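Work through the exercises below with the sequence and the model open. Each task is followed by a solution in steps.

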Amino acid sequence: MAAEPPAWGVQYTLTFPSEDTALAAAAELSGMGHRLTAVRVHGHFRFVPSSFWYGRPSMDPELEGWWQVFSLAVHSGYERGALEPFLRGERMRVAQVARDHGGFQQGCGEGHAATLEGVFTRDGLVHDRPGAQVALPRPLPEDPARPPAGPPWNAGGPAGEPAAVVQAAVAVAERLYGSAEDAPDAVGWLLDEEFAFGEPYGTAGEFLGDLVDAVAHQGTCTDTTVEAIPFLLELVRDDDLAPGSRLILLCDLVRLGASGPAAAVALADRITALGGVQDESAADHLTRQAIGRGLPRLLSRWDDESDAVRFALAALAALCGTHDRHVRAWPATLPAPAHSSRADAVSLMAALLSDDRKGLAPALDRLASWLPGVAEKAAVPNVDREQLARAVMPDLVREEVWPGLTPEHELP
């Protein structure tokens, strides 16, 4: 008989404007079956003489004087993968507890319950329920069934040999900047003499992953990102770049263009709890503007592009507010059968391209009915629907066009 999998734990972190609201939320979480719940002032360890953080300035001065709740929920009887739909619902439920008490869910971490319980910081512990577990429904919920996909399309060709892709990138950098000293920080390494003697890349995807991470480390836009966008756009247009690699780079540009909306969606509850309006970061805004400035040159080749590339270009146009007549008319001509995943994605894209705010809600509802990630974001009442539509665009584009890339060149 197979041994039962180890109990799984989730530690939630919630933030509240006062000690009283934090204590009320902690009591509610304990009543839901959480095993350990602690309440501490935000930045608690800055006031503990033995702590590394003692006396240091706050890492989040906006939350000075706020309070935090740390709560451990334990689930047993199933492997982690089987718990995902249930845990998604729990994240949504805990986030609502935070909203109900004027706060927001700041994050959560997962691991084996025994490990998390052993390292749980008990300073400020207000509820200790040894052995408590959150009740699991029988049977566990499952992810919704996905609609059928649209007809297959290709990327216009493979991603190419990695050496050829590297050579194309270096040639574009030389053409734009001439030397490493004159190139943006994110591009200069391509022109450094040491780069030519480095280990060869195994796939084009590995190189392009390093390139985009240099432009926006872990997807975070900075001033360096803004400076490097013209280089990425020129590389996409370069005739020596293999078609599949062009598509990979376009997907990355969609992700960078959506960085501002994605941040707004992720921080919606926090922004509301603080009573303010979140201004898009300068780097996110300028990154999208830089993409928008270069987009007309990419769209000038529209008639020669594959449908997969057009899909990515249309997503960029939707993100940047570019109203090109070819792009706006294109979604209606796509092979997107009714009740298919592609039809739902195209409906959302068409609503953005035509500034049809009324069309966004039903398009998002259809996507949320089968895409769990969209459903979780859409469940946040403080999220703006237009921002949400733009925030989910990178995942929709990748899901649509990635199958057209040959497996050996796919990114992880």
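**Exercise 1. Find the element that holds Gly292, decide whether Gly292 is buried or exposed, and give its distance to Leu319.**

Solution. The model is a predicted one. Step 1: Gly292 belongs to helix 11, residues 282-299. Step 2: its relative accessibility is 19%. The cut-off for buried is under 20%, so Gly292 counts as buried. Step 3: in sequence, Gly292 and Leu319 are 27 residues apart, and their C-alpha atoms are 8.6 Å apart in space.

**Exercise 2. Which strands are joined to strand 1 by bridges, and how do they run?**

Solution. Step 1: strand 1 and strand 3 run antiparallel and are joined by nine bridges. Within this pairing, Leu14 has Val69 of strand 3 as its bridge partner. Step 2: strand 1 is also joined to strand 4 (residues 104-112), by eight bridges, and this pair runs antiparallel. Here Phe104 of strand 4 stands opposite Thr15. Step 3: strand 1 covers residues 8-16, and eight of its nine residues are buried, so the strand is largely enclosed by the rest of the structure.

**Exercise 3. Describe the salt bridge of Arg46 and Glu64, and the one of Asp239 and Arg301.**

Solution. Step 1: the structure holds 27 salt bridges. Step 2: the side chains of Arg46 and Glu64 meet at 3.3 Å, N to O. Both residues lie in the loop between strand 2 and strand 3, so the pair ties together parts that are 18 residues apart in sequence. Arg46 is buried at 17% relative accessible area, whereas Glu64 is partly exposed at 45%. Step 3: in the salt bridge of Asp239 with Arg301, the closest N and O atoms are 3.5 Å apart. This pair links distant parts of the chain, 62 residues apart: Asp239 sits in the loop between helix 7 (223-237) and helix 8, and Arg301 in the loop between helix 11 and helix 12 (307-320). Asp239 is exposed, with a relative accessible area of 68%, and Arg301 is partly exposed, with 22%.

**Exercise 4. Which residues make up the nonpolar surface patch, and where does Met59 lie?**

Solution. Step 1: the patch consists of Phe45, Phe52, Trp53 and Met59, which together have about 480 Å² of accessible area. Step 2: Met59 is found in the loop between strand 2 (36-41) and strand 3 (67-75). Step 3: the relative accessible area of Met59 is 71%. Exposed means over 50%, so Met59 is exposed.

**Exercise 5. Give the volume of the largest pocket and of the largest cavity, and name the element with the largest share of each lining.**

Solution. Step 1: the largest pocket holds about 860 Å³ of space. Of its 33 lining residues, the closest to the centre are Ala262, Val265, Ala266, Glu376 and Lys377. Step 2: strand 4 gives five residues, the largest share of this pocket's lining. Among the other elements that supply at least two residues are helix 2 (80-100) and helix 9 (259-266). Step 3: a search of the whole structure finds two cavities of 30 Å³ or more, and the largest cavity holds about 40 Å³. The largest cavity is lined by Ser341, Ala345, Leu367, Trp370, Leu396, Glu399 and Glu400. Step 4: helix 14 (341-353) and helix 18 each give two or more residues to that lining, and helix 18 has the largest share, with three.

Conventions:
Residues numbered from 1 in each chain as written. Predicted model: local features only at pLDDT ≥ 70, side-chain atom pairs only at ≥ 80, totals over all residues. Heavy atoms only, no water. Patch = residues over 30% accessible without salt bridge, like charges linked within 9 Å, V, L, I, M, F, W, Y side chains within 5 Å. Areas by Shrake-Rupley, 256 points an atom, 1.4 Å probe, with all protein chains shown as cover. Salt bridge = Lys/Arg side-chain N within 4 Å of Asp/Glu carboxyl O. Helix = DSSP H or I, 4+ residues; strand = E, 2+ residues; numbered from the N terminus. Buried < 20%, exposed > 50% of the residue type's maximum accessible area, 1.4 Å probe, protein only. Pairing = 2+ DSSP bridges. 1 Å grid on protein atoms, 1.4 Å probe; cavity = no way out; pocket = protein on both sides within 12 Å on 5 of 7 lines; lining within 4 Å. Points joined across faces, edges and corners; volume = space filled by probe spheres on them.
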